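Dear colleague,

I am handing over the structure below for your consideration. A description of what was found in it follows directly after the display.

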Amino acid sequence: MGKGSSGAAASSSPCTTDNNYLLPSIIVFDLDDCLWTPEMHELSGTPSIPVEGPMDPNDANSELGTVGMRVPSSRRRGRRGGGYDWGGHDTDHEEVVELYPGARLALRELATDPAYEGVKIAVASTSLEPSYSRACIDGIEIVEGVRLRDMISYAQIGRCGELTSRKTGHFRLIHEQSGGVPYDEMLFFDDCNWGDHVGDVNREFGVVGVRTPQGLRLEEFHHGLKKYRSQKK
């Protein structure tokens, strides 16, 4: 698994483990409605307050860490309406960005299983609020001492400049940033609820992809790896 921003040269071949388990050189994730919920444009402000909880969705007694990022409440406090409650605890109205359980499990697998050591991680998002996205990437922890930002080697977020509502531009930049990793050595996960990005990128570049309309589930992650292997044979 690749950690941090990297300009390393492209690998000459897809990653393989000791048992010849073929893996993609780069796994690319969408963000909104794929890795996490809600979508950034639904928020009223920057999610800047860490939310603590168990980092393993399957174990309530697992290590605690930042499992979400909350938007500060702007509710007025006090009977006279003086000031604002920026740390409000009205849970009925909190805006918290959290990873889908399956996405968290997949990322934890990527972070802890040595089999993925040579795999780079990228994100390709058409977020309307890139600064909100980056705040979540910077804050959310996957395992103790590892935040989402530490796992991501290439991040293309937004829809300005070379980036548009299509993700072909995002993939071109990831291809360039990676030093030219071939598109057929990439695996892509996207919810595709607002457009068939998986189909579009496949037709344009031949990237193997999996649609995750309900947010990434662990079985969809494993299905993607299997689909990638089958198309590389």
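In this predicted model, helix α4 covers residues 168–177, and its buried residues are Thr168, Gly169, His170, Phe171, Leu173 and Ile174. Several elements take part in covering these buried residues, including the strands β3 (26–29), β8 (120–125), β11 (152–157) and β12 (186–190), together with the helix α5 (197–205). Just after α4 comes Gly179, which takes a positive phi of about 85°.

Two of the strands that cover α4, namely β3 and β12, return in the next topic, the aromatic rings. How many aromatic pairs does a search of the whole structure find? The search finds five. One of them joins Phe29 and Phe189, whose rings are stacked, with 5.5 Å from centre to centre and 20° between the planes. Because Phe29 belongs to strand β3 and Phe189 to strand β12, this pair ties together parts that are 160 residues apart in sequence. Phe29 is buried, its relative accessible area being 0%. Phe189 is buried as well, with a relative accessible area of 0%.

Phe189 also forms an aromatic pair with Phe221; this pair is tilted, with 5.8 Å centre to centre and 35° between the planes. Phe189 lies in strand β12 and Phe221 in helix α6 (residues 218–232), so here the pair ties together parts that are 32 residues apart in sequence. Phe221 counts as buried, at 0% relative accessibility. Taken as a group, Phe29, Tyr116, Phe189 and Phe221 are linked into a cluster by ring pairs.

I turn next to helix α1, which runs over residues 101–112. At 1.5 Å a residue, its twelve residues should span 16 Å, and the end C-alpha atoms are indeed 16 Å apart, which agrees. Is this helix largely enclosed or largely open? Nine of its twelve residues are buried, so α1 is largely enclosed by the rest of the structure. The buried residues of α1 are Gly102, Ala103, Arg104, Leu105, Ala106, Leu107, Arg108, Glu109 and Leu110.

Two glutamates in loops also deserve a description. The first to consider is Glu39, found in the loop between β4 (36–37) and β5 (49–54). Which side chain of opposite charge is nearest to Glu39? That side chain is Arg159, 7.4 Å away; Glu39 is buried yet has no salt bridge, since a salt bridge requires a side-chain nitrogen of Lys or Arg within 4 Å of a carboxyl oxygen. The side chain of Glu39 does make a polar contact with the side chain of Trp194, at 3.2 Å. Leaving aside residues up to four places away in sequence, Glu39 touches Asp32, Asp33 and Trp194.

The other glutamate is Glu95, placed in the loop between β6 (64–70) and β7 (96–99). Glu95 is partly exposed, having a relative accessible area of 22%. Its side chain makes a polar contact of 2.5 Å with the side chain of Ser44. When residues up to four places away in sequence are not counted, Glu95 touches Glu42, Leu43, Ser44, Met69, Arg70 and Val71. The C-alpha atoms of Glu95 and Gly45 are separated by 9.1 Å, although these two residues are 50 residues apart along the chain.

With kind regards

Terms used. Residues are numbered from 1 along each chain as its sequence is written. This is a predicted model: local features need pLDDT of at least 70, side-chain atom pairs count only at pLDDT 80 or more; totals for chains, interfaces and linings use all residues. Side-chain values use heavy atoms; hydrogens and water are left out. Helices (H or I, at least four residues) and strands (E, at least two) are DSSP runs, numbered from the N terminus. Buried means under 20% relative accessible area, exposed over 50%, partly exposed in between (1.4 Å probe, protein chains only). Lys and Arg count as positive and Asp and Glu as negative; His and the chain ends are not counted. A polar contact is a pair of N or O atoms within 3.5 Å; within protein, one must be able to donate a hydrogen and the other to accept it, and residues adjacent in sequence count only if both atoms are side-chain atoms. Contact means heavy atoms within 4.5 Å. The expected span of a helix is 1.5 Å times one less than its number of residues. Rings of Phe, Tyr and Trp (its six-membered ring) pair if their centres lie within 6.5 Å; planes under 30 degrees apart count as stacked, over 60 as edge-to-face and the rest as tilted.
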